[in-house]
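Got the viewer open? Let's walk through this one together, one selection at a time.

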Amino acid sequence: PHSSAELAMHKKKVEEIRQWLEQADASLQLGLPPSPRMLVLSGPPGAAKSAALRTVAGELGFELCEWLEGRTLRWVAPTDDWTGGDRPSADNTGYESRLSQFGHFLSSSLRTLSLSVVSPAP
């Protein structure tokens, strides 16, 4: 969809997403953490959750950082000064769990998280 009017989702739900994003941005502009700090979209596959967030965020000029679950395990070379969350498994395979990968994503995203407005496309 190119606009929120084209979303196959109840308009009230679309407006709730818009309001949360606007309130979070206003809080961050004042140097305050958004309250509530997290927006959770739940529903069955194909319910337009991601499309709604992308569309509304785009209309507001926000850039999204999205977790896309990898299809494979990520190799992490074990070291003596391991700081990567989950240590490699006991069998010393050196593979990092998806939970640990997600934790790293959250850590790096939250360090750079802001809802500052990007200039909308003409």
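Which side chains meet in a salt bridge at 3.7 Å, N to O? Select E15 and R18: their side chains make that bridge, at 3.7 Å from N to O. Bear in mind as you zoom in that this is a predicted model. E15 and R18 both sit in helix 1, three residues apart, or about one turn of the helix. Now colour by accessibility. E15 comes out as partly exposed, at 34% relative accessibility, whereas R18 is buried, with a relative accessible area of 14%. The cut-off for buried is under 20%, so R18 at 14% falls in that class.

Keep R18 selected and add E59. These two form another salt bridge, with the closest N and O atoms 2.6 Å apart. E59 belongs to helix 2 (residues 49–60) and R18 to helix 1, so this pair ties together parts that are 41 residues apart in sequence. E59 itself is partly exposed, with a relative accessible area of 33%. Show E15, R18 and E59 together and you are looking at a network of salt bridges. As background, side chains of opposite charge can pair when their charged atoms come close.

Next, stay on helix 1, which covers residues 11–29, and pick K13 and E16. What joins the side chains of E16 and K13? A salt bridge does, at 3.6 Å from N to O. E16 and K13 are three residues apart in helix 1, which means that about one helical turn separates them. Both ends have some exposure: E16 is partly exposed at 34% relative accessible area, and K13 counts as partly exposed at 44%. How many salt bridges does a search of the whole structure find? It finds three, so with the cut-off at 4 Å between nitrogen and oxygen, you can stop hunting here.

Time to switch to cartoon and select helix 1 and helix 2 as a pair. Their axes come within 10 Å and cross at roughly 50°. Helix 1 and helix 2 are therefore oblique to each other, and helix 1 passes helix 2 in a right-handed crossing. To see what makes the contact, show sticks for V14, I17, R18, L21 and E22 on helix 1, and for A52, L53, V56, A57, E59 and L60 on helix 2. You'll recognise R18 and E59 in that list, the partners in the 2.6 Å salt bridge.

Now zoom out to the whole chain. You should find three helices and two strands, running α-α-β-β-α from the N terminus on. Of the 122 residues, 25% count as buried. Among contacts between residues at least 6 apart in sequence, 54% join residues at least 24 apart.

Last stop: colour by pLDDT. The chain averages 76, and 69% of the residues score at least 70. Which element has the highest mean pLDDT, and which the lowest? Helix 2 comes top with 93, while strand 1 (residues 74–75) is at the bottom with 62. Finish by selecting residues 115–120, where pLDDT stays under 50. The model has 15 contacts beyond four places in sequence for residues 115–120. Where pLDDT is low, the predicted coordinates should not be read in detail.

Notes. Residues numbered from 1 in each chain as written. Predicted model: local features only at pLDDT ≥ 70, side-chain atom pairs only at ≥ 80, totals over all residues. Heavy atoms only, no water. Helix = DSSP H or I, 4+ residues; strand = E, 2+ residues; numbered from the N terminus. Buried < 20%, exposed > 50% of the residue type's maximum accessible area, 1.4 Å probe, protein only. pLDDT = per-residue confidence, 0-100. Contact = heavy atoms within 4.5 Å. Axes fitted to C-alpha atoms, helices over the stretch in contact; angles between N-to-C directions. Parallel < 35°, antiparallel > 145°, perpendicular 65-115°, else oblique. Left-handed = near helix turned anticlockwise from the far one by under 90°.
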